[in-house]
Amino acid sequence: MLTARELPTLFRFLFAAGPGRMTEFLGNQFLGRCGTIASILAILWATVKLALRPQSWTPPVRGVLARQLLFTGVDGIAVACRFGAAVGVLIIVQAALWIDALGVTTDIIAPMLWRAIVRELAPLLACMVVIGRSGIAISTELATMLVNGEIEVLDAQGIDPMTALVMPRIISMVVSVFGLAIIIASSMVVTGYVIGWSMGAIHVSWTTFLDGIIREFNSLDLLFFVPKTVIAAAFAGAICCIDGLNVRGSITDVSRVSSRSGIRALTAVFFVSAVLSVLIYGRILVFKIL
């Protein structure tokens, strides 16, 4: 059993403070997390309401959305293809090892890989690409505007920052993640076939391989794919905007807030993905819990 001296600093403090202080600490942490989730849901609800109002889509707002889609989605296609190709190689190498170890055929392994790509890997990789390229940049941009007083100027001119700044950025992240996830899944399949065929792990032609994938695709794949891209991307976009607009201090604090925002967005993506897996599949990884 560990002694108090061997415990980390935080737990040493709680260990010395006693059960009452520990309960207070855990309660504050729980309320803080509840407040964060409430803020994210509130900003997402406001985004949906504003997006459904035709009056919100003024020419400047449409311009902001177009620039964000160009930077976040179009400019991210090359990175998404590289990510998908690299992960596709890793997957086909592992599949070849499974085929040799288990003595099964490609016909058994291919459907499992396809479901893993569509339902888990492609949405997660697309979120990582968008957060790394655009999420942190959005947080930095909003934080810089806030510190320099530009948002106060917009507000004084009667321009709602939520409509002009936040709403188009969250929508652009959602659309970009959805599109890049499709590109990543396609890149993984193509690269996986090319490498697997060159390694001798796949012995069928490209048309036969593609026909097999098309036969495996069903409505359930779409049911899993859409929520994991749209909801996870919406949470990541909301977190980046909230962190950028809540910066306090000087311009030197912007970089610290932006890096923290990226970590918080990635954490939210994995957490949302895990929760959706539990709700949709009734399983965590391979262990059935419901």
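**A pocket, a helix pair and a loop residue**

The lining of the second largest pocket in this predicted model is made up of 11 nonpolar, two polar and two charged residues. The second largest pocket encloses about 450 Å³ of space. Of the 15 residues that line the second largest pocket, Thr36, Ile37, Ile40, Ala268 and Phe271 lie nearest its centre. Two or more lining residues are given by each of helix H2 (19–51), helix H9 (219–245) and helix H10 (253–281). H10 provides the largest share of the lining, with eight residues.

Attention turns next to a pair of packed helices. Helix H3 (residues 59–74) and helix H7 (residues 161–199) have axes that come within 8 Å and cross at roughly 35°, and the crossing is right-handed. On the H3 side, the contact is made by Val61, Val64, Leu65, Gln68, Leu69, Thr72 and Gly73. H7 contributes Thr163, Ala164, Met167, Pro168, Arg169, Ile171, Ser172, Val175, Ser176 and Leu180. By class, the residues of this contact comprise 10 nonpolar, six polar and one charged.

Beyond H7, the loop leading to helix H8 (206–216) includes Val204. With a relative accessible area of 34%, Val204 counts as partly exposed, because this value falls between the 20% limit for buried and the 50% limit for exposed residues. Leaving aside residues up to four places away in sequence, Val204 touches Tyr193, Trp197 and Phe209. For one of these partners, Tyr193, the C-alpha atom is separated from that of Val204 by 9.6 Å, and the two residues are 11 residues apart along the chain.

Methods: Residues numbered from 1 in each chain as written. Predicted model: local features only at pLDDT ≥ 70, side-chain atom pairs only at ≥ 80, totals over all residues. Heavy atoms only, no water. 1 Å grid on protein atoms, 1.4 Å probe; cavity = no way out; pocket = protein on both sides within 12 Å on 5 of 7 lines; lining within 4 Å. Points joined across faces, edges and corners; volume = space filled by probe spheres on them. Helix = DSSP H or I, 4+ residues; strand = E, 2+ residues; numbered from the N terminus. Nonpolar A, V, L, I, M, F, W, Y, C, P; charged D, E, K, R; others polar. Axes fitted to C-alpha atoms, helices over the stretch in contact; angles between N-to-C directions. Left-handed = near helix turned anticlockwise from the far one by under 90°. Contact = heavy atoms within 4.5 Å. Buried < 20%, exposed > 50% of the residue type's maximum accessible area, 1.4 Å probe, protein only.
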